[in-house]
Every structure is written in structure tokens, then in C-alpha cells.
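Work through the exercises below with the sequence and the structure at hand. Each task is followed by a solution in steps.

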Amino acid sequence: MSRDKFPRGKSAIVAAATYGMGESPGQSSMDLAVSASLRALDQVGLQPAEVDGLFIGLPDDYLSGLTFAEYLGIQPRLTENNRTGGSAFLTHAMWAALAIEAGQCDVALIAYGSNQRTSSGGLVSAMRPPAYEAPYKLGRPVGAYALATSRYMHQYGLKREQLGEVALAARRWAQLNPDAFVRAPLTMEAYLQARMVSDPISVRDCCLVTDGAAAVVMVSAGRAKQMAKRPVYLLGAAAATDHRDITSMPDLTTTAAVHSGARAFAQSGVKPSDIDVVELYDAFTINTLLFLEDLGFCKKGEGGAFVEGGRIAPGGALPVNTNGGGLSCVHPGMYGLFTMVEAAQQLMGQAGERQVKDARLAVAHGNGGELSSQATLVLGTEETL
Amino acid sequence: MNTIRPEQEYFAHLAEGRFMLQRSRASGKCFFHPRVAEPVTGARDLEWVQASGSGTVYATTVVRAKSPAVPANVVLVDLDEGPRVMSRVEGINPDAVRIGMRVQARIGQQDGRPILLFDVAADTGSQV
């Protein structure tokens with residue numbers, strides 16, 4: 001493989017917004033995505049027509065790039081509709097950085113929205129199980145993550161209480177976030193008594209099913225300084241995949257985040273111990289442990305012990321999923337873009353009560369499919385350039 | 001070389017009572033799911049070989065769908081030939097299936113179609 005190159009610090013997020021978090025009855029997924037996009041564009045005084053790089057992927061619209069452009073009457077030079085599941089938006093950021101550096105676009109908009117909660121009440125997914133697997137009626141995606149959790153427990157002696165720490169930490173962060181959908185206190189006792197969905201995963205190990213939308217605007221570093229008080233620079237970005245369906249995952253306890261993370265960190269020149277705030281795609285509690293390990297925050301098999309004692313909760317040594325995550329804040333089908341929005345808001349110093357003090361370096365990590373697609377961004381403030 | 005129709009051929013074998021795997025003649029390695037070429041190498045020198053049906057449970061879950069559906073087991077089984085398959089272990093409680101359990105394939109019927117299932121192996125010892 002050729003040397004992994006990335007235009008470190010050459011592009012930046014200048015605006016990041018959410019819209020319609022939780023429930024937004026009567027609005028389509030595209031209505032929500034457009035509303036979030038306008039909020040983000042408003043933050044930096046841009047008109048839709050100034051967007052010349054459009055990155056989007058809605059769960060219910062394969063041509064969403066075209067739909068969005070038509071909706072706002074724009075004619076972007078670059079329209080990208082890459083689909084790697086919930087990680088797609090972090091790969092969009094990677095491509096946006098490369099496109100901005102190459103002169104393929106000047107204003108990149110990355111957008112997502114879904115009305116899955118109020119329109120269908122369930123997860124809207126484009127995944128269809130293959131003929132070799134469909135007859136076993138594995139609930140998907142939850143069953144796939146349950147299989148991974150079962151293997152991890154077997155191999156590393158993980159306790160349910162340690163998964164519970166992940167759920168409790170997410171809930172405590174959500175309690176600091178007025179936009180989070182579920183903010184009621186969660187105790188370990190209640191976690192342990194929750195109804196099993198697919199053993200060993202209970203309903204409290206699963207992300208929410210909500211509506212919601214998110215958008216970010218990216219421009220060149222030069223332009224970013226004129227547009228935003230505290231731009232969030234893209235220091236590294238990498239994606240990796242090693243399967244689609246869980247049966248073909250080489251090792252159910254190790255994800256391709258090992259590769260995306262190592263490459264993104266190498267590009268950025270920083271290491272996990274330098275990171276101030278971490279946003280991981282927590283579709284299920286096991287995700288948080290797997291990604292903390294695979295991205296290098298702790299060793300393989302030590303994730304359960306790592307999160308004990310509130311280490312990733314408010315006040316802990318490593319703030320993780322500071323918006324409340326997919327578990328307690330928002331999960332409209334594909335959550336990836338929300339990791340970027342929260343990381344950006346933290347580095348911009350705009351996270352309100354949940355603000356991590358002096359946050360300068362953040363990781364946003366997206367997951368797609370059944371632990372199938374992994375995409376890692378390392379983000380930093382001007383001081384980290 | 002004959003055209004390979006992976007899914008059709010696999011299920012045709014299964015319907016006739018044979019659990020078959022593909023392998024490359026050059027590498028001699030079996031793989032699953034069926035394909036028109038060996039993964040990684042792209043080799044198309046494929047042949048179908050009968051699987052021993054012996055395997056070890058690699059991961060397990062109990063799907064607790066809403067009533068009236070009854071809890072059902074879903075496993076990933078590592079076959080002795082190497083590939084991993086999704087299936088269900090029958091003949092014991094769904095939550096009694098353990099990782100490391102030795103299991104033996106059997107072809108059953110579900111919704112009028114053949115389906116690959118597993119039973120706990122008679123000589124069961126535990127491996128990892």
C-alpha cells in the first residue's frame with residue numbers, strides 16, 4: 001500500500017447543527033435534513049446556492065443527493081451519496097477534505113435526516129439479509145451485535161455491569177444535554193433488570209429509535225478563519241471495512257476501527273492519550289468498548305475494566321459520547337453525523353452544560369452495518385495545527 | 001469453464017440432502033458463503049465438496065421476539081473445514097447453547113424449504 005497521505009489541517013468544520021431531535025411528526029426525512037442544513041449555513045451566513053459540494057445519504061432515498069439539490073434549487077459541482085451505513089458521513093468528511101484541497105469544491109455541506117420514529121416507529125434500514133441467513137430470523141441489526149457481545153463475553157470475561165457502565169455514562173451525559181431524547185435517571189439495578197431483546201443484549205443496551213437531523217459545513221482552512229471564531233480542523237480521516245454481514249466478520253471481538261483509527265492518528269500526528277473528548281457510534285453498548293479498544297484508548301479485552309467507576313461519564317478521566325450518544329441522545333437510523341456535530345460543538349466551546357473544559361482534540365468515530373464499516377476522524381482547534 | 005450460479009447450486013444441493021461447500025482446487029481451502037470466485041485470490045477453479053457437518057459454536061444469541069413468537073437460538077458455527085455459517089442449534093433450550101459446544105449439521109425443513117440446522121454433537125466435548 002502506498003503511504004497514507006491526508007491534507008492535515010487544510011480543511012475545517014465552520015458550522016455544525018442538529019434539528020428535530022427526538023420526535024418531529026409531520027416532517028419528512030428530507031424536510032429535517034434541509035432544516036438542519038439551513039441552521040448550519042445560517043451560523044456562517046451562507047446561502048444554499050453557495051454550497052458547491054453536497055454530501056448526503058438518507059435511509060429512505062437512494063438518490064438523496066439529487067433530491068436535496070432539487071429541494072433547495074442548488075447545482076453543486078460535486079454530489080456525493082456514498083453509503084457505508086452509519087459511518088457514511090465520516091467518510092463524507094474525508095472526501096470533502098480531499099475535494100476542498102483539490103479544488104473540486106469550496107463549500108462542502110454534509111447532511112442527514114430521518115423521521116423514522118414518527119413515520120414508522122422502527123429502524124429504517126436498507127440492509128437485507130442474504131438467503132443463507134434470512135431463515136434464522138436474527139433480529140437485525142441487534143442480533144448481530146448480540147452475537148459479537150456473546151463472543152466478547154466468552155473471550156474476555158466481560159460482565160453485564162461493565163456494559164451497564166456504558167449505558168449509565170451515556171445517560172448521565174444526556175442529562176446535561178437539553179436536546180437529548182431520554183434524560184430520566186438510569187440506575188445499574190434498572191439496567192440489569194431490563195428486558196432481553198437478543199441475549200445478552202437488553203433494551204438498555206440498544207440505541208434509541210428517534211427522529212433527527214444534522215448538518216456540518218466544511219471549507220478550506222484559509223476561508224475558515226474568516227468565517228468562524230473557532231474552526232474545527234480535520235487533522236486525520238480514514239475508513240476501513242472487513243465484511244458486510246456479521247457471519248463474515250473475521251473476529252467478532254475486533255473491528256476494522258483498528259485500521260481506520262491507526263491511519264487517522266498517524267495522519268494527525270497525535271495519539272489517543274492526547275485526545276480530550278471522544279464521540280463513538282454507540283448503536284449498542286458493546287460498540288463503545290470495542291471502539292475504545294480498537295482506536296487505542298485501552299488494550300483489547302480491557303474495555304470493560306476501562307469504563308468502570310464512571311471513567312467515561314461526566315467528571316470522568318475520558319469524556320465519551322458527551323451528547324448522550326445513540327443510547328440516550330438521538331438515533332435516527334444512522335447516527336454517524338451526530339458524532340461529528342458533537343465533537344465540533346465541543347471544540348468550538350459551544351456545548352453548554354456538558355462542555356469539556358479546554359477541549360482541543362477530539363475523535364469522532366462512525367460505524368456502519370453490523371460492525372462492518374469503520375470511519376475515524378481526528379479533529380482539532382487552531383492550537384493543534 | 002461452466003457458469004457458477006452460487007445460490008441456486010447451494011440450495012439445490014441442500015434440497016437433495018447435501019450440505020456442500022465451495023473450494024478452490026488450487027488452494028484447497030473451503031469458503032462460505034457461495035460465490036463465483038474465491039475471496040482474496042479471485043480464483044475461479046471452484047468445486048463443490050461435501051461438508052463434514054462438524055463444527056464448534058463461535059457465538060450465540062437468543063432472539064426474544066414479541067409474543068406469540070417463542071425465543072429462538074441463532075448461532076455462528078465454525079465448521080471443521082474452516083468457514084463460518086449462521087444457523088440454529090435445535091434439541092436443547094435456546095439459552096443452553098454455549099460457545100465452544102461441538103455441533104453436527106442436519107438438513108431440516110422450514111416453510112417448505114430445506115434449511116441447514118445443527119444438533120449438539122453426540123461426542124460433545126468443548127473446544128474454543
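**Exercise 1.** How many residues of domain 1 of chain B are in contact with residues of domain 2 of chain B, and how many of domain 2 do they meet?

Solution. The model is a predicted one. Begin with the bounds: in chain B the domain assignment places domain 1 at 6-50 and domain 2 at 54-120. The C-alpha centres of these two domains of chain B are 21 Å apart. Counting contacts across the boundary gives 10 residues on the side of domain 1 of chain B and 9 residues on the side of domain 2 of chain B. On the domain 1 side, helix H1 (6-15) and strand S2 (30-31) of chain B are the elements that give two or more residues. H1(B) contributes the most to that side, with 3 residues. Sorted by kind, the residues of the domain 1 side are 8 nonpolar, 1 polar and 1 charged.

**Exercise 2.** Decide how helices H3 and H13 of chain A are oriented to each other, and list the residues that join them.

Solution. Take the geometry first: H3 (residues 88-102) and H13 (residues 336-347) of chain A pack at about 60°, and their axes are 6 Å apart. H3(A) is therefore oblique to H13(A). Next come the residues: H3(A) supplies Ala88(A), Phe89(A), Leu90(A) and Ala93(A), while H13(A) supplies Gly336(A), Leu337(A) and Met340(A). This contact of H3(A) with H13(A) consists of 6 nonpolar residues and 1 polar residue, with no charged ones.

**Exercise 3.** Which residues have the most contacts inside the largest nonpolar core?

Solution. That core has 156 residues, and those with the most contacts inside it are Ala93(A), Val216(A), Met340(A) and Leu379(A). H3(A) provides the largest share of the core, 10 residues. Now follow Met340(A): leaving aside residues up to four places away in sequence, Met340(A) touches Ala16(A), Phe89(A), Leu90(A), Ala93(A), Val216(A), Ala364(A) and Leu377(A).

**Exercise 4.** Repeat the analysis of Exercise 2 for helices H6 and H10 of chain A.

Solution. Helix H6 (residues 160-174) and helix H10 (residues 285-294) of chain A pack at an angle of about 95°, with 8 Å between their axes. Angles of 65 to 115 degrees count as roughly perpendicular, so H6(A) is roughly perpendicular to H10(A). On H6(A) the contact uses Leu163(A), Val166(A) and Ala167(A); on H10(A) it uses Thr285(A), Ile286(A), Thr288(A) and Leu289(A). The residues of the contact of H6(A) with H10(A) are 5 nonpolar and 2 polar, and no charged residue takes part.

Definitions and conventions
Residues are numbered from 1 along each chain as its sequence is written. Chains are lettered from A and ligands numbered from 1 in the order in which they are written. This is a predicted model: local features need pLDDT of at least 70, side-chain atom pairs count only at pLDDT 80 or more; totals for chains, interfaces and linings use all residues. Axes are lines fitted to C-alpha atoms, for helices over the stretch in contact, and angles run from 0 to 180 degrees between N-to-C directions. Helices (H or I, at least four residues) and strands (E, at least two) are DSSP runs, numbered from the N terminus. Angles under 35 degrees count as roughly parallel, over 145 as roughly antiparallel, 65 to 115 as roughly perpendicular and the rest as oblique. Two residues are in contact if their C-beta atoms, placed from the backbone, lie within 7 Å. Ala, Val, Leu, Ile, Met, Phe, Trp, Tyr, Cys and Pro count as nonpolar, Asp, Glu, Lys and Arg as charged, and the others, Gly among them, as polar. A nonpolar core is a set of buried Ala, Val, Leu, Ile, Met, Phe, Trp, Tyr and Cys residues joined through C-beta atoms within 7 Å. A residue is buried if 20 or more other C-beta atoms lie within 10 Å of its own, exposed if 12 or fewer, and partly exposed in between; C-beta atoms are placed from the backbone. Domain bounds come from an automatic or database domain assignment.
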